[in-house]
There are 2 protein chains.
Amino acid sequence: MQRYFINEYINETTKIIEITRNDYHHIKNVMRMKVKDKVYICTKEERTFIFEILLFQTDSVVLQMIEEVTKKVELDIEVTIALGLVRREKTEEVLRRITELGANEFVSVEMERSIVQLKNKSKQDHKLDRMRMIVKEASEQSHRTRLLEVLDVKTFKEFLNYAKQFDLCLYAYEESGRDDNYNLKKYLQEWKGKKLLVLIGPEGGISSKEVGLLNQNQFFSIGLGPRILRAETAPLYVMAAISYELELK
Amino acid sequence: MQRYFINEYINETTKIIEITRNDYHHIKNVMRMKVKDKVYICTKEERTFIFEILLFQTDSVVLQMIEEVTKKVELDIEVTIALGLVRREKTEEVLRRITELGANEFVSVEMERSIVQLKNKSKQDHKLDRMRMIVKEASEQSHRTRLLEVLDVKTFKEFLNYAKQFDLCLYAYEESGRDDNYNLKKYLQEWKGKKLLVLIGPEGGISSKEVGLLNQNQFFSIGLGPRILRAETAPLYVMAAISYELELK
């Protein structure tokens with residue numbers, strides 16, 4: 001169903017609205033809608049209503065309120081995805097998809113086995129602008145009401161420090177998968193916190209030194225099933241699993 | 001843990017093996033392993049054993065059997081992902097990821113709202129070869145033991161006919177998501193069949209005519225959460241959800 005963003009003040013007592021100009025043109029000529037067709041009307045205060053087309057006039061369409069849509073589109077928990085520094089194209093693809101899948105925050109982490117190295121700080125700033133644009137586009141497309149935040153790249157030490165503010169810190173570890181340590185489900189079903197951090201290593205994986213530091217810093221390892229996932233697939237698995245567990249019935 | 005593929009015949013009674021040449025070099029000089037380090041030894045018959053390094057000799061390393069790894073890497077059910085015909089790059093990306101995520105079969109379907117149209121049959125054959133190469137690479141990388149099958153593109157009519165052999169046919173429908181019809185979990189938890197088919201529409205979605213035909217042909221609609229997923233993200237969500245439900249604890 002098509003959605004239109006309007007500036008009018010609408011609440012549950014609004015019965016009728018009139019749409020003119022561009023949206024009128026879009027409804028009538030682009031979408032070729034007819035009387036009784038329904039649309040979403042989104043207000044500035046992020047409320048969404050279903051309206052039905054009542055009649056077309058010379059340069060406006062009149063719609064009748066059916067009901068408010070009270071559904072939320074955001075996850076109940078805030079998920080930060082941390083990814084070992086990988087090539088720009090891979091990072092951007094992960095970012096686009098985890099935005100669609102409902103993540104709250106993204107950070108790249110310089111890790112021992114990262115093939116990519118950050119050399120030029122200003123280059124990084126440029127990438128950050130570009131990444132934020134990708135997030136904005138993906139948010140609009142997936143109808144999110146909250147923008148994912150892209151953080152500056154962190155060193156592993158900075159990252160461990162940053163992680164202290166989270167209620168639960170997990171890291172996807174290939175060897176966990178091989179040892180049948182598939183406990184992501186247990187965490188998602190039993191944990192009652194709000195802020196979740198999940199670290200995925202770079203292509204080369206997480207080094208044993210890093211694993212030691214993660215374990216010392218209250219990180220828990222999770223496996224993502226018996227097949228080995230690429231660095232850029234694992235974040236999508238994590239986000240889809242979270243949505244499946246928390247949002248589907 | 002590193003894995004080595006050997007030609008020797010190994011079974012549960014094998015106590016000791018000796019590794020020479022390239023693998024010896026790799027263990028000693030590349031991985032710099034030490035006595036008591038463990039490795040996976042994979043046999044030609046697709047059995048995998050854990051061995052521990054017993055001692056290094058001048059040009060070989062002797063290992064002692066610890067145990068057989070009986071873990072399977074394939075899903076218990078066979079999942080076919082059908083995707084409305086989209087651009088080649090998008091199709092290839094979906095293929096790469098659903099291979100990692102354990103899908104059994106893939107088919108593109110010509111649908112009303114497909115932006116891409118198939119004009120040249122031989123061009124399509126060429127793409128099929130390329131797609132099978134992508135599957136092979138992704139299978140090796142993710143340590144799968146079964147190759148996903150890529151089928152020829154089907155018309156919608158051919159697809160409906162093909163679908164008759166499946167135990168359960170689902171289609172991801174955007175409007176289902178909006179109506180809180182998030183019942184994928186119910187299907188995965190309650191269904192006891194073997195062959196599952198999931199159709200994802202092209203970028204423009206599934207037309208209402210197609211929805212009617214799907215419903216007439218024993219397809220059930222599922223929603224994939226409250227956010228709108230792109231055509232190329234939805235198959236990854238479905239596969240991750242299946243793995244999460246059936247393989248994680």
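This report describes the interface between chain A and chain B in a predicted model, followed by its largest nonpolar core.

## Extent of the interface

On chain B, 48 residues are in contact with 49 residues of chain A. The size of an interface is often given as the accessible area lost when the parts come together. Here chain A and chain B bury about 4,600 Å² between them. Carbon and sulfur atoms account for 48% of that area.

## Polar and charged pairs

Eight salt bridges are counted between chain B and chain A. One salt bridge joins the side chains of R227(A) and E247(B), with an N to O distance of 2.8 Å. Polar contacts across the interface of the two chains come to 32 residue pairs, with both residues at pLDDT 80 or more.

## The chain B side

Four helices of chain B each supply at least two residues of the side that touches chain A: helix 2 (88–100), helix 5 (174–178), helix 6 (184–190) and helix 8 (234–247). Helix 8 of chain B gives the most, with eight residues.

By residue class, the side of chain B that touches chain A holds 20 charged, 18 nonpolar and ten polar residues.

## The largest nonpolar core

In soluble globular proteins, nonpolar side chains tend to be buried together. The largest nonpolar core of this model has 82 residues, and L196(A) and L196(B) touch the most other members.

Leaving aside residues up to four places away in sequence, L196(B) touches I77(B), E78(B), V79(B), T80(B), F166(B), L168(B), L170(B), L188(B), W191(B) and I242(B). Among these, L188(B) lies in helix 6 of chain B and I242(B) in helix 8 of chain B.

Conventions
Residues numbered from 1 in each chain as written. Chains lettered and ligands numbered in written order. Predicted model: local features only at pLDDT ≥ 70, side-chain atom pairs only at ≥ 80, totals over all residues. Heavy atoms only, no water. Contact = heavy atoms within 4.5 Å. Buried area = accessible area lost by both parts, 1.4 Å probe. Salt bridge = Lys/Arg side-chain N within 4 Å of Asp/Glu carboxyl O. Polar contact = N/O pair within 3.5 Å; in protein donor to acceptor, adjacent residues only side chain to side chain. Nonpolar A, V, L, I, M, F, W, Y, C, P; charged D, E, K, R; others polar. Core = buried A, V, L, I, M, F, W, Y, C linked by side-chain atoms within 4.5 Å. Buried < 20%, exposed > 50% of the residue type's maximum accessible area, 1.4 Å probe, protein only.
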